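Thanks for passing this one along. Here are my notes, written to be read with the model open beside them.

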Amino acid sequence: MAKKVLIVEDNELNLRLFRDLLEAHGADVRTVRDAREALPAIHSFLPQLVIMDIQLPHISGVELIRLMKADPSLDSIPVMAVTAYAGKGDEGRARQAGADAYVSKPISVSRFVAAVESLAGSLGDGFKRAG
Ligand code: MN
C-alpha cells in the first residue's frame, strides 16, 4: 500500500520538488499551500507522514506542529519539519513543538528521501517490487 503523505509548503518550487520525489517513491501525496487549510486537510486525509514547512504565512509550521501534537487524533502522525538554512533557531523550535525530524533547505535529495523513509517506512511498492 502506498503511504499517504501530506505536504504543507507555501513555496511552489519546493512543493513540486517534494511531491515529485515522494511520488517517484510510490507515495500517495496531497499538498496544502495555505497554512490555514493544513489542520482540516490532515484531519480528512489522515496521512502517515506530514512534511511541514516552518516558514508559512498566517500560521507558522511550529504552531501547526504544536496543534497537531495537542490533538489526540493527530498526535501519532510523524512530522518532518523543513527549515530554512539560515533559520538556525527553527530547528530547535520545531523539535520543541514535537517534530520527529527535520531537514533544512536547500534540501539534499538523498537525505530528504532517507529521512522520509526512516519516519514512514517504504513509501510504496510500485517499482520496487521484486518478482
Ligand atoms: Mn515557506
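The points below go through the sheet, the helix contacts, the metal site and two backbone oddities.

1. First, a reminder: this is a predicted model. Please read every number below in that light.

2. Start with the sheet. It is open and has five strands in the order 2-1-3-4-5, with parallel pairing. Strand 2 (28–32) and strand 5 (101–105) sit at the edges, each pairing on one side only. From one strand to the next, the twist averages 20 degrees.

3. For a look at one pairing in detail, take strand 1 (residues 4–8) and strand 3 (residues 49–53). These two run in the parallel sense and share four bridges. If you want a spot to zoom in on, try Val5, whose bridge partner in strand 3 is Leu49. As general background, strands of a sheet pair through backbone hydrogen bonds, either parallel or antiparallel.

4. What lies across strand 1, strand 3 and strand 4 (79–84)? That is helix 3 (residues 61–69), which runs at about 150 degrees to strand 3. Keep an eye on helix 3, as it comes back in the next two points, packing with helix 2 and with helix 4.

5. Helix 2 (residues 38–45) packs with helix 3 at an angle of about 40 degrees, and their axes are 11 Å apart. That angle makes helix 2 oblique to helix 3. The crossing is right-handed. On the helix 2 side the contact is made by Ala38, Leu39 and Ile42, and on the helix 3 side by Leu64, Leu67 and Met68. By residue type, this contact of helix 2 with helix 3 has six nonpolar residues, no polar and no charged.

6. Helix 3 also packs with helix 4 (residues 88–97), here at an angle of about 15 degrees with the axes 8 Å apart. Why do I call helix 3 and helix 4 roughly parallel to each other? Because angles under 35 degrees count as roughly parallel, and theirs is about 15 degrees. Helix 3 passes helix 4 in a right-handed crossing. Val62, Ile65, Arg66 and Lys69 of helix 3 meet Arg93, Ala94 and Ala97 of helix 4. The residues in this contact of helix 3 with helix 4 split into four nonpolar, no polar and three charged.

7. Next, helix 1 (12–24) and helix 5 (109–120). The axes of helix 1 and helix 5 come within 11 Å and cross at roughly 60 degrees, and the two helices are therefore oblique to each other. Helix 1 passes helix 5 in a right-handed crossing. From helix 1, Phe18, Leu21 and Leu22 meet Val109, Phe112, Val113 and Val116 from helix 5. In this contact of helix 1 with helix 5, seven residues are nonpolar, with no polar and no charged ones.

8. On to the metal. Which residues coordinate the manganese ion? Asp10 and Asp53 do so through OD and Gln55 through O, at 2.0 to 2.1 Å. Along the chain, the donors follow the spacing D-x42-D-x1-Q. Asp10 sits in the loop between strand 1 and helix 1, while Gln55 sits in the loop between strand 3 and helix 3. Those two are 45 residues apart, a pair that links distant parts of the chain.

9. Two backbone details to check by eye. The peptide bond from Lys105 to Pro106 is cis, with omega near 0 degrees; Pro106 belongs to the loop between strand 5 and helix 5. The other is Leu46, in the loop between helix 2 and strand 3. Leu46 is not a glycine, yet has a positive phi of about 45 degrees.

Methods: Residues numbered from 1 in each chain as written. Predicted model: local features only at pLDDT ≥ 70, side-chain atom pairs only at ≥ 80, totals over all residues. Heavy atoms only, no water. Pairing = 2+ DSSP bridges. Axes fitted to C-alpha atoms, helices over the stretch in contact; angles between N-to-C directions. Contact = heavy atoms within 4.5 Å. Parallel < 35°, antiparallel > 145°, perpendicular 65-115°, else oblique. Left-handed = near helix turned anticlockwise from the far one by under 90°. Nonpolar A, V, L, I, M, F, W, Y, C, P; charged D, E, K, R; others polar. Donors = N, O, S within 2.8 Å, 3.2 Å for Na, K, Ca; no water.
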